[in-house]
There are 2 protein chains.
Amino acid sequence: MNGVSFPPLDAETKVSERPHDHKDELRLWLRFLSCNVLIEGNIRRRLRDKFDMTLPRFDLLAQLDKASAGMKLGELSQRLMVSNGNVTGLVERLVAQGLVDRQVAANDRRSHLVKLTAEGRRTFRAMAAAHEIWIAEIFGELTSGERANLMQLLAKVKKSAAKMTAAKD
Amino acid sequence: MNGVSFPPLDAETKVSERPHDHKDELRLWLRFLSCNVLIEGNIRRRLRDKFDMTLPRFDLLAQLDKASAGMKLGELSQRLMVSNGNVTGLVERLVAQGLVDRQVAANDRRSHLVKLTAEGRRTFRAMAAAHEIWIAEIFGELTSGERANLMQLLAKVKKSAAKMTAAKD
DNA sequence: TGAAGATGCTTTAAGTTAAAAGCATTTTCC
DNA sequence: GGAAAATGCTTTTAACTTAAAGCATCTTCA
């Protein structure tokens, strides 16, 4: 100790009021990132090896599986949180694979309705069952109490991140 | 209640022993993913708008900033957890931008040593200071207790994910 | 009605990414 | 020393991704 005293820091102290000492938050973000890289990399590899499928296409199929009436491309891009152009390409490849079907909407000829084909549904269900187990293998190492705890902390993080994104600064 | 009784589930129950009911873990993963998309998207946008920089290049510069003696391409790809070919391209663009310098290693002509240029270091430091504040804005909404809690839970997740990845099944 | 704007999607340009094959150099081992 | 294997990196190919510009269609409103 050098005798210099610092103002007390607590949860209410705003970021801007303590411009230094953000190493804590940074470490947390880095750990978050490495979890994400590890898990996503794992899931991508297994989807490719076992089903010859990519994660973005799997995610798109998952959305369609929940919407039996089909979805418009714009809805898909919102749900998946990716750009419009991105969805165009993904759907193209899934149509080529015979897993989804795309047709012009009845009432608006700009709009296209995308649906799972019978084969698409069958294929997706098989992949989803495996995927669920892979995820459970990872997060199942936490107790259900820890999972609830993590779920709640991530809710806070998500809320905070969403606010930040909306601010657009 | 229908009178059917299920075996009790606790933290020790293995995933394979309860093949259904992984919805809990799946929801947790989906929430994790949306946090990641939101935060990363935010950081990418700001790096681009304020510094005309991409996140992968920023990450690479961050590694170099910690290694004053420079790093080999292979080290970089390990630390960044990306492929070799990926690093080749990123370094190429950073050299073109004048932010890093690449030269053949003295003792091994297969190997190349990559270093920050003076401008690279200056540029990175400015970006890193802003980046640190952006991250703090997001994670600073948690109390320091919550951050410690989250840090510890993610340590468990990371360990579990690393084990999974090593298994290669 | 009919121009102006909004909306839904596609195209384009640039970047990131992995896997696999390839090339040069170094190391190992006989 | 020299063949064989390992190592470090690059190239190739294919996929994903965004932002921005573009095209077709629909809606609004004077």
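**Exercise 1. Classify how helix H6 of chain A packs against helix H5 of chain B in this predicted model.**

Step 1. Identify the segments. H6(A) covers residues 144–167, and H5(B) covers residues 118–139.

Step 2. Read the geometry. The two helices pack at an angle of about 130 degrees, and their axes lie 8 Å apart.

Step 3. Assign the class. Because of that angle, H6(A) is oblique to H5(B).

Step 4. List the contact residues. H6(A) contributes A:Val157, A:Ser160, A:Ala161 and A:Met164. H5(B) contributes B:Glu137, B:Ile138 and B:Phe139.

Step 5. Sort them by class. The contact has five nonpolar residues, one polar and one charged.

**Exercise 2. Describe the protein surface near DNA strand C.**

Step 1. Count the residues. DNA strand C is surrounded by 23 of them. The closest are A:Thr88, A:Arg110, B:Thr54, B:Ser83 and B:Arg93.

Step 2. Locate the helices. H3 (73–80) and H4 (84–96) of chain A each supply at least two residues of this surface. So do H2 (55–66) and H4 (84–96) of chain B.

Step 3. Sort by class. The surface divides into nine charged, nine polar and five nonpolar residues.

**Exercise 3. Which parts of DNA strand C come within 4 Å of the protein, and which side chains place polar atoms there?**

Step 1. Take the share. Sugar and phosphate make up 75% of the strand C atoms within 4 Å of the protein.

Step 2. Find the phosphate partners. A polar side-chain atom of B:Thr54 lies 2.5 Å from a phosphate oxygen. For A:Arg102, the distance from a polar side-chain atom to a phosphate oxygen is 2.7 Å.

Step 3. Add B:Asn86. A polar atom of its side chain lies 3.0 Å from a sugar or linking oxygen.

Note on methods:
Residues numbered from 1 in each chain as written. Chains lettered and ligands numbered in written order. Predicted model: local features only at pLDDT ≥ 70, side-chain atom pairs only at ≥ 80, totals over all residues. Heavy atoms only, no water. Axes fitted to C-alpha atoms, helices over the stretch in contact; angles between N-to-C directions. Helix = DSSP H or I, 4+ residues; strand = E, 2+ residues; numbered from the N terminus. Parallel < 35°, antiparallel > 145°, perpendicular 65-115°, else oblique. Contact = heavy atoms within 4.5 Å. Nonpolar A, V, L, I, M, F, W, Y, C, P; charged D, E, K, R; others polar. Near = heavy atom within 4 Å. Polar contact = N/O pair within 3.5 Å; in protein donor to acceptor, adjacent residues only side chain to side chain.
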